[in-house]
Amino acid sequence: QRALVLPRMAAFLVRRHFAAHAGAADVLTREDREAADRDPPRAALPFAGTQPRALSLAPRLDGFAQTQGAGGAAFEPALAALDELRRELAALEHQLPLRVLALHAAAPALRYASLAVAVEFVGSTRWPDDLVALHKVKAAFLLRLGACYAAAHPGAAVAAGDRLLGRGARDGVVPRADDCFVDIGHAASGLTFRLWVLCGREGALLERRARDLRLVPALHAQASAYEDAHRRWLLACVWRPRHHRLVLGLCQRHHPAASLTMRLLKRWLASHMLLATPGAVPEEVAELLVAHVFSASEAAPASACAGLARCLRVLAEWRWRDDLCVADFSAPEHEGDDEGVARASSDPAVTGVWANVHGMGAGARKPLQLAFDAAAARGALKGGLRVATEDDPEAQWWPPVSAVATRRLAVLARASLACIDLCVEDGCDGRLSEMFTAPMADYDFIIKLDLDAVSRRYEQPPKAAFAAGASQPEDAEEPVAAGKRPAEKEVFKNLLPATAAAGRQIGGAHSFKTRANPFGQPGMVGFDPIALFVHDLHAVYGDSLMLFNDVYGGSVIAGLWNPAVVAKPAAFACNLNANMAPVPKEEMGPSAGSKKPLVRFNMPAVIEEIIRLGDGLVEDVVIQRDPVV
């Protein structure tokens, strides 16, 4: 907020003394605009000529600001509550075996970008060298921490959990860093923080165990399990906290517009069902893409609108297979000193997001280019979106983005840029809603969800946000009547097949709905049944289909069949990893007796399996088209 003081002052003065409104809405609050327009001074000079035509998302952002994770005001209470929780835990120093050294935030909501927190205790040599024993000690620490906090703050709700309850190493389960946790309901803010213990010895034990098992050929499967566990530990305890600090510094110190740009880009990706689902864009990669936009040019975007447009331009035009994309987080030597930052920013040698010069130095960029060239040489580049950093030169920290999703992103980005151009030409932002409307005709099937089971439905934009066909005035309290959203029953009209022959509907309107509210338990922190359902479907049918879903409370799951698996018959064999049906002999031709039996993908049976797996979640399934051979 401190970085917005001067822009707000300048916008306020220009609006009050020159009545120039263009561009000011990005930084001025509603109260600022009302104060600037109230009783203008007599010496105020009217703006000469007509107002410059400017395209701004600001009139539409008021609706997004009411949505969880969209407005800047939604993050300030979370950050303030985290700071207060840090002080409260530090006050428990004499009641805990080890003093709390730091809280490492690892959630987007705590870096101005969309609540999980890792707790680091002071170093000790008494941590056990056995993974199971270490897991139990961590659980004991969290139980003690929760009990002490509940005793010191009677109004707080504290609950401990353990995903490995009742299971152990004998069950073949490898512990994860965040398997045992404690949920602390902060009474003052109403937020709930999930805490788990960050222990460096755990990572070392996982790495050592995986290395020892890899030496025995018969134990390679177990070695792979421990390698995956070590990677998950790095992701939760090292990579995400590191990424959090970098992005938080980007948004707080130098580019306040980056925060809103990240949230708008995430909303755009989620509205097209290409955010945080298997094969789609992880949230961290979306934030790195924004960091690339703000650090790769001499003139960084001055507003979220310009930042979003530049991100769309990168998605539409970047050649991911041929060119290296880098997010430069270079910082001056004294990162924590404001005066040091100011002095270093005036130095021409300082690069990255801390100074408006192009890119990092040649010495720092060379290892990233070498890693990119090595990946290209071994064929690891499949055309998917990837953003490298100085800490992650091979872009391996986050799940990869599939080539299919990257190509669709390019098409959607070009269409969105064309929509922006039309809005600029017309001088009206009424068509901006088309940017956030996903075309559904390209998907093979649509899974309609029971809205009562969508736990993140509250994160959907309000009905008035980005209403199609309406140009909402800057200071209007309510949207104009022409911008009213259609009735709920018509929201998904585009999911219906164009003709009776083009699609088939499986079941009735409520044939799979078993109860009005499948989850009637309060206080289920972080429980997202739709995300778990998509994860399970991907784990079972990942080779046969791709699934897409709006993670911000979307009410449908769209799917594409894999033509290589679905459309072509295959020779019968064991472990085909799909539900197959035999091909009738009459379809195999006259030499069917001499051929090996053929099987094909049993699509109707898979649809029925999806319906059965989604009992209580799935309300309807619409097949829009069959896969093309």
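**Figure 1. An arginine parked over a phenylalanine ring: R194 on F181.** The charged end of R194 sits 3.9 Å from the centre of the F181 ring, over its face. To count here, CZ of Arg or NZ of Lys has to be within 6 Å of the ring centre and within 35 degrees of the ring normal. Keep in mind that this is a predicted model, with residues numbered from 1 along each chain as its sequence is written. Local features need pLDDT of at least 70 and side-chain atom pairs count only at pLDDT 80 or more, while totals for chains, interfaces and linings use all residues, and side-chain values use heavy atoms, with hydrogens and water left out.

**Figure 2. Another arginine over a ring, this time R209 on Y226.** Here R209 lies over the face of the tyrosine, and the distance to the ring centre of Y226 is 5.7 Å.

**Figure 3. Aromatic rings around F121 and F141.** Eight aromatic pairs turn up in the structure; rings of Phe, Tyr and Trp (its six-membered ring) pair if their centres lie within 6.5 Å, and planes under 30 degrees apart are stacked, over 60 edge-to-face and the rest tilted. The pair shown here, F121 with F141, is a tilted one, at 5.0 Å centre to centre with 45° between the planes. F121 belongs to strand β2 (residues 116-121) and F141 to helix α5 (residues 131-152), so this contact ties together parts of the chain 20 residues apart in sequence. Helices (H or I, at least four residues) and strands (E, at least two) are DSSP runs, numbered from the N terminus. Both F121 and F141 are buried, where buried means under 20% relative accessible area, exposed over 50% and partly exposed in between (1.4 Å probe, protein chains only). Add W127 to the view and you get a cluster: ring pairs link F121, W127 and F141.

**Figure 4. K266 and its two glutamates, E283 and E287.** A search of the whole structure comes up with 18 salt bridges, meaning a side-chain nitrogen of Lys or Arg within 4 Å of a carboxyl oxygen of Asp or Glu. One of them joins K266 to E283, with the closest N and O atoms 3.0 Å apart. That bridge spans distant parts of the chain, since K266 is in helix α8 (residues 257-271) and E283 in helix α9 (residues 283-295), 17 residues apart. K266 is buried, at 0% relative accessibility, and E283 is buried too, with a relative accessible area of 17%. E287 also meets K266 in a salt bridge, 2.6 Å from N to O. Again the pair links distant parts of the chain, with E287 in helix α9 and K266 in helix α8, 21 residues apart. E287 is buried, just like K266. Put the shared partners together and K266, E283 and E287 form one network of salt bridges.

**Figure 5. A long-range salt bridge, D391 with R242.** The side chains of D391 and R242 come together at 2.7 Å, N to O. D391 is in the loop between α12 (362-377) and α13 (403-426) while R242 is in helix α7 (residues 220-254), so the pair ties together parts 149 residues apart in sequence. D391 is partly exposed at 35% relative accessibility, and R242 is partly exposed as well, with a relative accessible area of 30%.

**Figure 6. Cysteines without a disulfide partner.** How many disulfides does the structure hold? Zero, going by the test of two cysteine sulfur atoms within 2.5 Å. Take C325: it is in no disulfide, and the nearest cysteine sulfur, on C311, is 9.8 Å away. C325 is buried, with a relative accessible area of 2%. C180 counts as buried too, at 1% relative accessibility.

**Figure 7. Two partly exposed nonpolar residues, M9 and V565.** M9 lies in helix α1 (residues 5-18) and has a relative accessible area of 45%, which makes M9 partly exposed. V565 sits in helix α15 (residues 563-566), and with a relative accessible area of 23% V565 is partly exposed. From V565 to A578 the C-alpha to C-alpha distance is 8.8 Å, with their positions 13 residues apart in sequence.

**Figure 8. Zooming back out to the whole chain.** The chain folds into 16 helices and 13 strands. Of its 629 residues, 46% count as buried.
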